[in-house]
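Student: Before we look at the details, could you help me understand how the words used for a structure follow from its values?

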Amino acid sequence: MNNQMTPAMRQYYEAKQEYPDALIFFRMGDFYESFGEDAKTIARELEITLTARGKDKSGERMPLAGIPYHAIDTYLPRLINKGYNVAICEQLENPKQAKGVVKRGVVRVVTPGTAIDSSMFSDASNNYLMAVAGRESGKSGKGGNGDKNGKSGKGGKSDKNPGEMELGVSFLDISTGEFLTTQFRDSENFEKLMSELARMHPAECILPPSLYGNPELAGRLRDQTIVHEFAPELSEPGEAGEMLKKHFGITTLEGMGCENLEFAVYSAWAALEYAKTTQMRDLAHINTLRTYSNSEFMVLDAITLRNLEIVKNVRDGGNENSLFKVLDSTKTPMGSRALKKWLLKPLLSVELINRRLDAVEELAGDALLRYDIRDWLSEVRDIERLVGRIVYGNSNARDLVALKKSLTAVVPVRDCLLEKTDSKLLEEIGKELAAFSELETLAELIEKGIADEAPLTVREGGMIKKGYNEELDELRDIASNSKQWIAAFQQKEREKSGIKSLKVGYNKVFGYYIEVTNANRAQVPEDYIRKQTMTNAERFFTPELKEKESLILSANEKAVALEYEIFTKITKTVAGYSRELQQTAESTGTLDVLANLAEASENNNYVRPQLTEDCKILIRDGRHPVVENTVPGGFVPNDTEMDCKEKQFLLVTGPNMAGKSTYMRQSALIAIMAQAGSFVPASHASIGTVDQVFTRIGAFDDLASGQSTFMVEMVELANILNNASSKSLVLLDEIGRGTSTYDGYSIAKAVVEYLHNRGKVGVRALFATHYHQLTALEEKLKRVKNYHIAVKEEGHELVFLRKIVPGATDRSYGIQVARLAGVPEKVIDRANEILKELERENLLEEAEEGENGKRKKGKAATRYTQMLLFDPGSGGGTQAQANRQSPVEVALKKLNVDDMTPLEAMNKLHELKKLLG
């Protein structure tokens, strides 16, 4: 290090050497300064002025950029949101009292996954740090580190597929104290890890060297979040568990459910250790670890979350036009976070789902109770994050005031739940809130001590109420009454000396003084002590003035110091109840979600779903919860009926833009809402629980990994075919369209057969296709049923009726849709000519079995029921429409009702019903 360097710059380079991967915010007086390459980066990213001063280690002009210390909440989030780590290097002593250079040191490192300041968060969402641990199957290791030094056998590299690894993963939100862990036990753990990544959306992920060195694993993670290498060393495999037990003050991890989950435990310890390393404190508000299992929840992988737009839309990644946005009118940040978790992790237990539904039903049925609860909850702030900051030590007086108001609002909510509710879940929430016996006492402590209009800073006074501390009141009186005392002293000295022009003044160099002009010098009292000689006057002081000066000048400083001391005592008292406050926050959030879902059900005309253990899905007048709020002219509801005997695989045909994808998506969304505990958009819904929703909808290239649209489609399809169970719900849209007609059709048909026959019980699936030949499978596969979206032709015009009806269609109306899109008329005319030629040539034929049992070539046998059976707007229709009558219409026209006996009529009615499917 350059010997010519100033002591302050030596401190800076020492901090930079210790934290080479972080930008250094170096406190110098009223500014956070940065130097060298850090300054260039900060100036560029924050769009502030880059200057130069002095010389760096090489003798060149030193780049310099700085921000005011009080503006850190404005600038720091911008750097963190761009993925930078920032080390805060503070002055560790009072510059006025320092001898020589002020001591400085890094007090914390802010990273995307360890942010705790309120300025870091744009909304109420969780801010998770993700930690992954594991090893390749069949290999020994210490919590994912390989050998003791954290190195794998081949420099950390792995040529194994990530799916062959045993993995544990933990999620820590230090801003709220939430801490979760799980471990994957089967061969599909890598895809499960990616699903958890999509569901939890962490701000940052840390990996041990053995996993960080795996290019596929690290690469896939890096596509979704910021990834860092971090590996706390272990001497023994069980040491991670011992460290966790020490932090939580417990003797066993059994109560947390992870005693025997080696990689879950290691990942949890790594996350906690990383948080402590960056924050440089104990993080006492992280006081519990919850172990969860995917067997408790419906699995929604990354693809399904994207396609169904559960919490984010496909268009820009925001939450507008997402299911979460439609349902979220929660009153508290805890409620908003809880609602998102419920939608991302719908329950599988019918009992637990019904507990939620019972509570929602009670609140939906009692408008006055619901209004009161939501009104009180609107006064509740983010208790979880307030507690996090209070325990962490970076809270201010306004945080305490917000906590006081929140606790005050919780009191009537608690009393109301204990007195007026019947459902078990609401009763339990009331009891949980009542278990915090010191809630009102804590609110009263803050009320008595902290000023309602407290300043943002804690070092400038104005936080503590008058009357709370006698000594503080006296100091404040001295500071605030100094002007009156000086005026009174001046008047007293004028009368005593007889000098009417005598005045008492003050400056920073000499302090308080008595000034007498030269003309009145002879009248100066003997007890005046000369302080300064001026051209036209003399300045004096008296022992009384000197004593008062000391009191006045120190009173304000002492008052500020005493206020901070009192504030610290109050925050420590509050921090002592962190566990109870976190439980209060969790219970309040749960209540908020329930009241919110009740409000949504009333506002949107939702109904309570029935949940069953079988595989039936029956939805009457189902609606898409998002689309129905945006479509002009009203949404057309549709039924969905599925079971494991006759209607397990619904093959949906119809033109583009008619609503096939919307219909499929709404069926899945209704199942998700139901299992999350929400009422649903339908007139009736009975849902046989779904363990996982799979989707293959839409098309896009993944050029970064060298995958074409069709390859992406096949990869997603492979995941579905390999993992779907009889309890799953599969949505497939236009499988095979990314390749040639024959290849695509062959793949599509094979997929239908495979899902229908899988495990001899099949998979519940909705399959939209333009391969109309597939509709012939209804006659071959007993659980396949054809449905189509009805349309109406009026000349060249195509009217989408948006109604799904039984039967198949042989037309996709692609040319009509092209006309609607504005394709030139010449192209449309030529396309019609080509279509007629292709229809005559019958390019795609299906082998059928004749009456004699021999195979024959012929057009696919399909039932055409394109028009609604009773279409009030058909007006008789055209000859083409008349030729497309359904089998039911044909059979009805042949009947001679007058010659039929009652028994024959009943039998014929039964036959017609079978024709309708």
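Tutor: Let us start with a definition: a residue is buried under 20% relative accessible area, exposed over 50%, and partly exposed in between. Keep in mind that this is a predicted model.

Student: What makes R608 count as partly exposed?

Tutor: R608 has a relative accessibility of 25%, and partly exposed is the class between under 20% and over 50%, so R608 counts as partly exposed.

Student: Why is the contact of E361 and R608 called a salt bridge?

Tutor: The rule asks for a side-chain nitrogen of Lys or Arg within 4 Å of a carboxyl oxygen of Asp or Glu. The side chains of E361 and R608 meet at 2.7 Å, N to O, so the pair satisfies that rule. E361 belongs to helix α12 (residues 350-365), while R608 sits in the loop between α21 (578-604) and β18, so the salt bridge ties together parts that are 247 residues apart in sequence. E361, at 41% relative accessibility, also counts as partly exposed.

Student: Why is R374 called buried?

Tutor: The relative accessibility of R374 is 9%, and buried means under 20%, so R374 counts as buried. The side chain of R374 meets that of E599 in a salt bridge of 3.8 Å, N to O. This pair links distant parts of the chain, with R374 in helix α13 (residues 367-377) and E599 in helix α21, 225 residues apart.

Student: How do you know that D639 and R620 form a salt bridge, and what makes D639 partly exposed?

Tutor: Their side chains meet at 3.3 Å, N to O, and the cut-off is within 4 Å, so the pair qualifies. D639 lies in strand β20 and R620 in strand β19, so parts 19 residues apart in sequence are tied together. D639 has a relative accessible area of 33%, which lies in between the limits of 20% and 50%, so it is partly exposed. R620, at 30%, likewise counts as partly exposed.

Student: How do you know that β19 and β20 pair?

Tutor: Pairing needs at least two bridges between two strands, and 4 bridges join β19 (residues 617-622) to β20, which run antiparallel. Within this pairing, I617 stands opposite M642 in β20.

Student: What makes β18 and β20 edge strands?

Tutor: The open sheet of 4 strands has the order β18-β22-β19-β20, with mixed pairing. β18 (610-612) and β20 (638-642) each have a single partner strand, so one side of each is left without a neighbour in the sheet.

Definitions and conventions. Residues are numbered from 1 along each chain as its sequence is written. This is a predicted model: local features need pLDDT of at least 70, side-chain atom pairs count only at pLDDT 80 or more; totals for chains, interfaces and linings use all residues. Side-chain values use heavy atoms; hydrogens and water are left out. Helices (H or I, at least four residues) and strands (E, at least two) are DSSP runs, numbered from the N terminus. Buried means under 20% relative accessible area, exposed over 50%, partly exposed in between (1.4 Å probe, protein chains only).
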